[in-house]
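Please open the model in your viewer and keep the selection panel at hand. The stops below go from one selection to the next, with a note on what is found at each.

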Amino acid sequence: MKTHRLLLALAPLLLAAACASGPFSRTSYPSNDQPDEARAYGDFMIARFAAMTNDPQAATRHYASAIGTAPEEAGVAERAVFSALLAGDYGVAAGLARRASDAGSEAGLVRLTLAVDAIGRGKTDAAVEIIEASDLRAFNRMIARNLEAWALLGSEGGAAAEAMLQKNLTGDPRLDNATLHMMGLVQTAAREDEKAAETFRAIWESGARLAVGAETYAELLAARGERDRAIEILDQFRTEVGHNASLAALAERIKRGDAIAPKRFTTRQGAALALFLPASALMFQTDDDVAAVYFVLAVALDPELYQARTLLGQSLLQGERPEAAIRVLSDVPVSSPYYATARAQIANTLLQEDRKEEALALASDALRAKPERSLKLQVADIYRALDRHREAETLLSEIIAADQAEGRKDWRVFFVRGASRERQSNWAGAEADLQAALDIQPENATVLNYLGYSWIDRGIKLEDGFGLIRQALILEPNSGHIVDSLGWAHYRLGQYEEAVDYLERAVTLLPGDATLNDHLGDAYWQAGRRKEAGFQWSRALKLDPSPEDRAKIEKKLLTGLVADPSPGSAAGR
């Protein structure tokens, strides 16, 4: 069916080709003396189909084959460049960008690729000429001018680079954040450390938080003896933004008393960051893999920018290309601060692909090579996926003990350990962990819902449980799972009509969830609506329930519902 829909989607393109002016406007087939143009249209159609079916490698080949013979040569060349970058083949993309330029293309991505290619080959003057001759839109223009600043730093010095960055400021904080960070990095590279420290101080006090800025600022502070302030910056970043492997490594070095010198980026390294920083922001604003093309350009300039590789992998996962993501993430070496992050991403990808044993083997090997917190969390998650909750609890307890020694409080670790303890029928320990998670994050809908439902399911603290679920629903009113919890809580108390109302709404919000449809079937049965109950159970079977749930649903379809629905009579969901 998916292929059929894609062929239908191609129909307007085929029709447009048939109705276009030129040879294809005739009613007859193209004559034998025009094979190149006919072949170009064929390649274009195949390339479009490949792009729509998430096969950028095939799209690149066929777009490239159409260049030179297609009527819209520049447009085809632009698509070829994009597809090559999306496929992760920078060398091919650079060659295609030159062909696109020769065909008259002024597309932003083509011009950026040409500029990157020039910088990569040490031809900074050529890069400046390319950028100056380009008419780019806001996002690409900001990247291009930051690239130009690094090119100017190498050829004309810090003053020229800073002047270009000043020219790039727009007054829009969303666009200026990356440029201001570039300013501080350029000043550091030019050994203007006092100016750089002042720039990063102003950025920090504005509330902007980028890891590369925090790292360079902390290095500058530590280098001039302000180690306590440097640690304060790094701790504040961890609290406000989260764990960053490179910043954690720097904090350890500062605490050990190691000599600290600020990293001074080369032209290529700085230009790579000029691409990486805005692409990072773009990735978190979209659901596709468009940001991947910029990460590929960044890695081409600086192959050791491993953070870009980890985000490239994440971007590829967003674009539903797991095998490509695994290949990219596998290139992060054990010596990199981002090794644990990359291996955890690979393991999580394997887990989502239902390759659980592979995921456990990979994450366990990585943990032995580099016993870091993020890998322990990943291994614990895999143990939970394999229903090996005792082993998960052991790892999570180690993490909590280490966190307490460092003064860190992470609600997620308490929450997950609580869930594992519940699955082992250790309710006292589970309740303590869930309450600890709620103390850390009192307005977290997930924790409120889980703890509230758990109380009601056990027939304890009923009023408090309903209160927590209602509070969670206020925070996330369109969460099908929370609406289901409230409906199921009414069901557990024998309030079937109220249960039906909420569970019908939950299924409307999440129609493809087997558990929610199963719950609604149970509520219908208890409300005396037997035919509707059978329909919902049959529907739940079509939605891939777990083997255990499938057996229960099939039994209900044969015998009806005979279980006692009173509180505490069944295990929690």
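Begin by selecting helix 28 and helix 29, where helix 28 passes helix 29 in a left-handed crossing, a term that applies if the near helix is turned anticlockwise from the far one by less than a right angle, whereas clockwise makes a crossing right-handed. Helices here are DSSP runs of H or I with at least four residues, strands are runs of E with at least two, and both are numbered from the N terminus. Before going further, note that this is a predicted model, in which local features need pLDDT of at least 70 and side-chain atom pairs count only at pLDDT 80 or more, while totals for chains, interfaces and linings use all residues. Residues are numbered from 1 along each chain as its sequence is written, and side-chain values use heavy atoms, with hydrogens and water left out.

**Helices 28 and 29**

Helix 28 covers residues 496-509 and helix 29 covers residues 514-526; they pack at an angle of about 155 degrees with their axes 9 Å apart, the axes being lines fitted to C-alpha atoms, for helices over the stretch in contact, and the angles running from 0 to 180 degrees between N-to-C directions. The two are therefore roughly antiparallel to each other, as angles over 145 degrees are classed, with those under 35 counting as roughly parallel, 65 to 115 as roughly perpendicular and the rest as oblique. Select next the residues in contact (heavy atoms within 4.5 Å): on helix 28 these include Tyr 496, Leu 503 and Glu 504, and on helix 29 they include Leu 516, His 519 and Tyr 524. The residues of this contact divide into 10 nonpolar, three polar and one charged, where Ala, Val, Leu, Ile, Met, Phe, Trp, Tyr, Cys and Pro count as nonpolar, Asp, Glu, Lys and Arg as charged, and the others, Gly among them, as polar.

**Helices 8, 15 and 16**

Now select helix 8 (residues 138-155) together with helix 15 (residues 267-283), whose axes come within 8 Å and cross at roughly 165 degrees. Helix 8 and helix 15 are therefore roughly antiparallel to each other, and helix 8 passes helix 15 in a right-handed crossing. Among the residues that meet are Phe 139, Leu 147 and Trp 150 in helix 8, and Ala 274, Leu 275 and Pro 278 in helix 15. The residues of the contact of helix 8 with helix 15 divide into 12 nonpolar, four polar and no charged.

Keep helix 15 selected and add helix 16 (residues 291-301): the axes of helix 15 and helix 16 come within 8 Å and cross at roughly 160 degrees. Helix 15 and helix 16 are therefore also roughly antiparallel to each other, and their crossing is left-handed. The contact is made by residues including Arg 268, Leu 275 and Phe 276 of helix 15 and Tyr 294, Phe 295 and Leu 301 of helix 16.

**Into the cores**

Which residues touch the most other members of the largest nonpolar core? In this core of 98 residues they are Leu 85, Leu 147, Trp 150, Leu 275 and Phe 276, a nonpolar core being a set of buried Ala, Val, Leu, Ile, Met, Phe, Trp, Tyr and Cys residues joined through side-chain atoms within 4.5 Å. Centring on Leu 147 and leaving aside its neighbours within four places in sequence, you will find contacts with Leu 112, Val 116, Ile 119, Ile 131, Ala 271, Ala 274 and Leu 275. A second, separate core of 75 residues includes Ala 363, Ala 445, Val 447 and Ile 469.

**Single residues to select**

Return to helix 8 for Asn 140, which is buried with a relative accessible area of 15%; buried means under 20%, exposed over 50% and partly exposed in between, with a 1.4 Å probe and protein chains only. Apart from neighbours within four places in sequence, Asn 140 is in contact with Gly 108, Leu 109, Leu 112 and Tyr 294.

His 389 lies in helix 22 (residues 389-406) and is buried, with a relative accessible area of 9%. Not counting residues up to four places away in sequence, His 389 touches Tyr 383, Arg 384, Ser 420, Arg 423 and Gln 424. In the loop between helix 21 (373-385) and helix 22, select Asp 387, whose phi is near 60 degrees, a positive value in a residue other than glycine.

For the last single residue, go to Lys 461 in the loop between helix 25 (445-457) and helix 26 (462-475); Lys 461 is partly exposed, with a relative accessible area of 41%, and its phi is near 45 degrees.

**The whole chain**

Finally, select everything: the protein chain has 31 helices and zero strands, and buried residues make up 50% of its 573 residues.
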